[in-house]
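Reader: I should be grateful for a close look at one helix packing in this model, set within the chain that holds it. Please add what may be said of the partner chain as well.

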Amino acid sequence: MIRRGFIILALVLFGLVFARLIGAYQEQSVLRPLAEHYVTQGPRELGAANVITGILITYRGFDTLGEVAVLFMVAAGLGLLLRRDGDGPSVSANTPLRPASELVVTGTEVLLPLIFVFGAYVIMHGHLSAGGGFQGGAIVASAVLLLLVTQPLTRLRLDLLSITESFAGVLFVCIGLLGLILAGGFLDSRFLPQGQLGAFFSAGAIPIISILLGIKVGAELSVIIDRFRR
Amino acid sequence: MLDLLILLICTGILASGVLAVCLKDLMAAMISAGLTSLFAAVSYVLLAAPDVAMAEAAIGSGLATFIFLYAIRRTSGGVSTMETGEE
């Protein structure tokens with residue numbers, strides 16, 4: 001009875017908080033000063049046609065580094081908690097494996113390269129069109145997921161993935177330090193020539209950081225999925 | 001027209017979210033939770049935020065759903081503990 005009372009009390013309090021949030025909400029017709037600076041000056045300062053990736057990787061580069069660090073800790077924690085006991089995939093330990101149907105296998109063979117290429121495209125064109133390292137890495141990892149779901153006996157080279165992922169992370173920080181030395185601050189991408197707005201080789205170090213981010217996120221998410229599968 | 005579409009998508013988010021909580025069959029609840037993310041991704045596209053939509057579609061409705069799938073298989077095999085009466 002007391003427990004129920006507490007639940008109702010908590011619900012009412014949450015309702016009050018949200019009601020105040022919704023009540024005080026008004027649609028803004030102009031950008032806030034900081035956002036306006038990003039939108040108007042961002043393309044000129046960074047040379048990135050896609051403002052969002054410019055903000056994520058340069059202005060808010062430190063936050064992105066924090067996100068990647070969180071992801072790294074998740075992967076490390078999962079590695080500790082879901083350690084592989086025996087050798088080999090124990091997928092077949094509980095239930096006998098049913099072979100995937102012809103349709104699924106063929107579909108995977110057709111789709112897998114396409115998804116990988118699309119992921120690489122999203123990673124590399126982050127400074128030009130929607131996307132960037134994080135999104136592209138997630139797309140690559142979903143391709144790995146498709147492979148693992150349709151062919152459960154596939155084994156990932158976890159050691160190789162971990163090394164790749166660590167190297168990408170170290171290089172990411174190194175480029176950040178280069179920005180600190182050669183340009184305005186940590187993770188400043190302007191130490192490389194800006195190039196022409198909209199060209200593939202442009203926007204300073206943003207594409208490089210984006211590619212490193214994509215490799216890191218893709219490898220990390222693949223490792224996380226592989227830890228859960230078993 | 002766009003407002004109506006966004007309203008429809010938001011109804012979809014709410015409905016699939018409520019279904020994900022209420023459904024007894026864990027597998028169906030998992031699919032419903034993935035559907036919530038998918039509807040959210042569509043709404044982001046409609047609101048002109050394709051960058052966020054990509055991440056939401058890939059992680060929210062792709063990876064997270066399948067992590068639930070693996071978790072369900074490892075725990076009770078898709079049978080709700082409420083039905084069987086075990087712990």
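**A helix packing and its setting**

Author: Among the elements of chain A in this predicted model, helix α1 (residues 2-23) has the highest mean pLDDT, 90, and helix α2 (residues 33-46) the lowest, 78. Over the whole of chain A the pLDDT averages 81, and 93% of the residues score at least 70.

The packing to be examined lies between helix α3 (residues 51-59) of chain A and helix α8 (residues 206-228) of chain A. Their axes are 10 Å apart and meet at an angle of about 80°. Since angles of 65 to 115 degrees count as roughly perpendicular, α3(A) and α8(A) are therefore roughly perpendicular to each other. On the side of α3(A), the contact is made by A:Thr53, A:Gly54, A:Ile57 and A:Thr58. On the side of α8(A), A:Ile206, A:Ile209 and A:Ser210 take part. By class, the residues of this contact comprise 3 nonpolar and 4 polar, with no charged residue.

The setting of this pair is a chain of helices. Chain A has 8 helices and 0 strands, and its elements run α-α-α-α-α-α-α-α from the N terminus on. Of the contacts in chain A with a separation of 6 or more, 71% join residues 24 or more positions apart.

The overall dimensions of the chain may be added. The radius of gyration of chain A is 22 Å, whereas a compact globule of 230 residues would have one near 17 Å. Taken along the principal axes, the C-alpha atoms of chain A fill a box of roughly 60 × 60 × 35 Å. Buried residues account for 31% of the 230 residues in chain A.

The partner, chain B, has 4 helices and 0 strands, in the order α-α-α-α from the N terminus on. Of its 87 residues, 30% are buried. Among contacts in chain B with a separation of 6 or more, residues 24 or more positions apart account for 50%.

Finally, the two chains touch through 17 residues from chain A and 12 residues from chain B. The side of chain B that touches chain A consists of 10 nonpolar, 1 polar and 1 charged residues. To return to the packing within chain A, the contact of α3(A) with α8(A) divides into 3 nonpolar, 4 polar and no charged residues.

Key. Residues are numbered from 1 along each chain as its sequence is written. Chains are lettered from A and ligands numbered from 1 in the order in which they are written. This is a predicted model: local features need pLDDT of at least 70, side-chain atom pairs count only at pLDDT 80 or more; totals for chains, interfaces and linings use all residues. Two residues are in contact if their C-beta atoms, placed from the backbone, lie within 7 Å. Ala, Val, Leu, Ile, Met, Phe, Trp, Tyr, Cys and Pro count as nonpolar, Asp, Glu, Lys and Arg as charged, and the others, Gly among them, as polar. Axes are lines fitted to C-alpha atoms, for helices over the stretch in contact, and angles run from 0 to 180 degrees between N-to-C directions. Helices (H or I, at least four residues) and strands (E, at least two) are DSSP runs, numbered from the N terminus. Angles under 35 degrees count as roughly parallel, over 145 as roughly antiparallel, 65 to 115 as roughly perpendicular and the rest as oblique. The radius of gyration is taken over C-alpha atoms; the globule rule is 2.2 Å times the number of residues to the power 0.38. A residue is buried if 20 or more other C-beta atoms lie within 10 Å of its own, exposed if 12 or fewer, and partly exposed in between; C-beta atoms are placed from the backbone. pLDDT is the predictor's confidence in each residue, from 0 to 100.
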